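I sat down with this one to see what its helices hide and where its empty spaces are. These are my notes, in the order I looked things up.

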Amino acid sequence: MLEILYQDEYLVAVNKPAGMLVHRSWLDRHETQFVMQTLRDQIGRHVFPIHRLDRPTSGVLLFALSGETANLMCRQFEQKIVQKIYLAVVRGHLQGAGRIDYPLKIQLDKIADKFAQEDKAPQEAITDYTCLNIAEMPYAAGRYATARYSLLRLIPQTGRKHQLRRHCKHIFHPILGDTQYGDLQQNRALTQNVDVKRLFLHAETLRFVHPISQREINIFAPLDEQWQKLISKFGW
């Protein structure tokens, strides 16, 4: 059963679990569980995806209950009037607030995008961040005797593929548990000493104007057990 965070006659939002695909993909033929199909069976209605979250990311995921509503919401995403707020735990101490303004090259899939143009110019990509807390743990991670971490609030101003993960890597503060862009030694130290193993990126809040009622909607997704365990261990 998926945790439903919001539902009316037009929209439904769930707290997507880490590791679960949003919808069926021929690139992951062996998978049997998907948010879209699970939610459809759970509420007994067809659902229409409006946006997506990477497989290892958890948090607010919004669906429409009709094609018309989906089109209206997709327009809001395209016009950048939907605000997405994420939480992330990164390597090192990154205090204060700032903006990462670093264009990203389009990432092509070797199979799905094999006929796509590969020499496109990098696209504008902007992420705002605020440090919420820091920690230093008394165990070795790589060449350092202790391990330092920061809890960040991330607000993407653009929507590029893996933007938050790539931006954090770019400023040398990769997200913990990121097997693609992260620090392998840090990930291993975290698993061994805190006994958690996931990408520590969570879509905490989604804010938008309801396409029918025109009310402002704020949807909040609570943290899962592994997040809670890490926060407790770090004294946050």
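**Entry 1: helix α1**

I started with helix α1 (residues 35–43), where Val35, Gln37 and Leu39 are buried. Buried means under 20% relative accessible area, exposed means over 50%, and partly exposed is in between, with a 1.4 Å probe and protein chains only. Helices (H or I, at least four residues) and strands (E, at least two) are DSSP runs, numbered from the N terminus. Before going on I noted that this is a predicted model, where local features need pLDDT of at least 70 and side-chain atom pairs count only at pLDDT 80 or more, while totals for chains, interfaces and linings use all residues. Residues are numbered from 1 along each chain as its sequence is written, and side-chain values use heavy atoms, with hydrogens and water left out.

What covers the buried residues of α1? I found that the cover includes β1 (3–7), β2 (11–16) and β4. Just after α1 comes Gly44, with a positive phi near 70 degrees.

**Entry 2: helix α3 and its neighbours**

Next I checked α3, which is mostly covered, with 6 of its 8 residues buried. I wrote down the buried ones: Gln163, Leu164, Arg165, Arg166, His167 and Cys168. They pack against β5, β6 (97–101), β7, β8 and β9; contact here means heavy atoms within 4.5 Å.

I stopped at Arg165, which sits in α3. Is Arg165 buried or exposed? Its relative accessible area is 5%, so I put it down as buried. Leaving out residues up to four places away in sequence, Arg165 touches Asp54, Pro56, Ile175, Asp178, Gln180, Tyr181, Leu199 and Leu201.

After α3 I met Phe172, whose phi is positive, near 65 degrees.

**Entry 3: two loop residues with positive phi**

His162 is in the loop between β8 and α3. Its phi is positive, near 55 degrees, and His162 is not a glycine. With a relative accessible area of 14%, His162 is buried. I listed what His162 touches, again not counting residues up to four places away in sequence: Asp54, Gln107, Gln180 and Tyr181. I also checked His162 against Leu5: they are 157 residues apart along the chain, and their C-alpha atoms are separated by 24 Å.

Then I looked at Asp195, in the loop between α4 and β9. Asp195 has a positive phi too, near 60 degrees, and is a residue other than glycine. Its relative accessibility is 54%, so Asp195 counts as exposed.

**Entry 4: helix α5**

In α5 (residues 225–234) I found Trp227, Leu230, Ile231 and Phe234 buried. Why do I say they line one face? Seen down the axis of α5, the buried residues fall within an arc of 100 degrees, so they line one face of the helix. The arc is that of the directions from the helix axis to the C-beta atoms. The face turned away from the buried side carries Glu225 and Ser232, which are exposed.

The buried residues of α5 pack against β4 (58–64), β5, β7 (126–137), β8, α4 (184–194) and β9. I looked at both ends as well. Asp224 caps the N-terminal end, with a side-chain oxygen 3.2 Å from the backbone nitrogen of Gln226. That is a polar contact: a pair of N or O atoms within 3.5 Å, where within protein one must be able to donate a hydrogen and the other to accept it, and residues adjacent in sequence count only if both atoms are side-chain atoms. Following α5 is Gly235, with a positive phi near 70 degrees.

**Entry 5: the empty space**

Last, I went looking for holes. On a 1 Å grid over the protein atoms alone, a cavity is a set of points where a 1.4 Å probe fits but cannot get out; a pocket is an open set with protein on both sides within 12 Å along at least five of seven lines; lining residues have an atom within 4 Å of a point.

How many cavities of 30 Å³ or more are there? I noted 2. The largest cavity holds about 50 Å³ of space. Its lining is His51, Leu53, Val60, Lys84, Ile85, Tyr86, Ala203, Thr205 and Leu206. β5 (83–91) and β9 (201–209) each supply at least two of these lining residues.

The second largest pocket has a volume of about 750 Å³. It is lined by 26 residues, and closest to its centre are Arg52, Lys84, Thr158, Gly159 and Arg160. A volume is the space filled by probe spheres set on the points, with grid points joined across faces, edges and corners.
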